[in-house]
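Please open the structure in your viewer and keep the selection tool at hand. The tour below goes from stop to stop, saying what to select and what is there.

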Amino acid sequence: MPPATHPPTPALTRHQSLVLGALAREDAPASAYALLSHLQGEGLRAPQQVYRALDKLIEYGLVHRVETMNAFVACAHPHAHAQGLVVFAICDQCGHVDEFSDSAIEQRLQGWSRSAGFRMKESTVELHGDCARCQAAGSREAPAVAAMPAAPAAKPARRARKAPGAGPA
Ligand SMILES: [Zn+2]
Ligand SMILES: [Zn+2]
């Protein structure tokens, strides 16, 4: 079993540390343009500078791109998943993101990849919904229809059983 540690992170450039610092202060994923607007006082002027820093930070495993939001988050635990599955649970109301990994899901995906002859390089799962805090705050007006962003997702095995009648409150 290979060691599950990151390669040592190279020293960050000034721009990279600024971008990482700005991301770490965010409670929700931030777009490159939002980062740029936070960092303009620090001498970053062009979106290109932010993107270049983000590319490197992603490469180092310190930042993730949240594809369905076209935004970026600082990794919640950079040492914990050198390779492997990352799951984001994204609250569509407040934008809060919980990052976690799950070895059971990862093993299922690896098993499928092996049996299909697929070489998996990256696996990210993005869940959209309402976080516990927003549910508690807005439990009176439960949304009737869940809006699902288009995201390719492996469906778990179908279950025939279905709870009957979630009637109107
Ligand atoms: Zn991470
Ligand atoms: Zn929320």
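UniProt positions are given in the numbering used here, and such annotations may be inferred rather than shown by experiment. The model you are looking at is predicted.

**The whole chain**

Begin with the complete protein in a cartoon view, where 5 helices and 5 strands can be found. Following the chain along its sequence, you pass through the pattern α-α-α-β-β-β-β-α-β-α. Of the 169 residues, 18% count as buried, and among contacts between residues at least 6 apart in sequence, 56% join residues at least 24 apart.

**Two helices that cross**

Next, select helix α1, residues 14-25, together with helix α3, residues 47-59. Two packed helices are described by the angle between their axes and the distance between the axes. Here the axes come within 9 Å and cross at roughly 85°, which means that α1 is roughly perpendicular to α3. On the α1 side, show the side chains of His 15, Gln 16, Val 19 and Leu 20, and on the α3 side those of Gln 49, Val 50, Ala 53, Leu 54, Lys 56 and Leu 57, since these residues make the contact. They divide into 6 nonpolar, 3 polar and 1 charged.

**A hairpin**

Move on to strand β1, residues 63-66, which pairs with β2 in the antiparallel sense over 4 bridges. If you select His 64, you can look across to its bridge partner in β2, Val 73. Between the two strands of this hairpin there are 4 residues, and Asn 70 takes a positive phi near 50°.

**The loop after β2**

Now select Ala 76, in the loop between β2 (71-74) and β3 (86-91). With 15 C-beta neighbours inside 10 Å, Ala 76 counts as partly exposed. Add Glu 99 to the selection: although Ala 76 and Glu 99 are 23 residues apart along the chain, their C-alpha atoms are separated by 6.3 Å.

**Four cysteines**

Which residues does the UniProt annotation "binding site" cover at the next stop? In an unreviewed entry, this annotation covers Cys 91, Cys 94, Cys 131 and Cys 134. They span 44 residues in sequence, yet no two of their C-alpha atoms are more than 8.1 Å apart, so they gather at one spot.

Select Cys 131 from this group, and you will find it in the loop between β5 (124-129) and α5 (132-137). Cys 131 counts as partly exposed because it has 18 C-beta neighbours inside 10 Å, and, leaving aside neighbours within four places in sequence, Cys 131 is in contact with Cys 91, Cys 94 and His 96.

Then step to Cys 134, which lies in helix α5. Cys 134 has 16 C-beta neighbours inside 10 Å and therefore also counts as partly exposed. Its contacts, again without the neighbours up to four places away in sequence, are with Cys 91, Gln 93 and Cys 94.

**A glutamate in α4**

For the last stop, select Glu 106, which UniProt also lists for "binding site" in an unreviewed entry. Glu 106 lies in helix α4, residues 103-116. How many C-beta neighbours inside 10 Å does Glu 106 have? There are 19, so Glu 106 counts as partly exposed, given that a residue is buried if 20 or more other C-beta atoms lie within 10 Å of its own. To see what Glu 106 touches, leaving out residues up to four places away in sequence, add Gly 84, Leu 85 and Ser 123 to the view.

Technical notes: Residues are numbered from 1 along each chain as its sequence is written. Chains are lettered from A and ligands numbered from 1 in the order in which they are written. This is a predicted model: local features need pLDDT of at least 70, side-chain atom pairs count only at pLDDT 80 or more; totals for chains, interfaces and linings use all residues. A residue is buried if 20 or more other C-beta atoms lie within 10 Å of its own, exposed if 12 or fewer, and partly exposed in between; C-beta atoms are placed from the backbone. Two residues are in contact if their C-beta atoms, placed from the backbone, lie within 7 Å. Axes are lines fitted to C-alpha atoms, for helices over the stretch in contact, and angles run from 0 to 180 degrees between N-to-C directions. Angles under 35 degrees count as roughly parallel, over 145 as roughly antiparallel, 65 to 115 as roughly perpendicular and the rest as oblique. Ala, Val, Leu, Ile, Met, Phe, Trp, Tyr, Cys and Pro count as nonpolar, Asp, Glu, Lys and Arg as charged, and the others, Gly among them, as polar. Two strands pair if DSSP finds at least two bridges between them.
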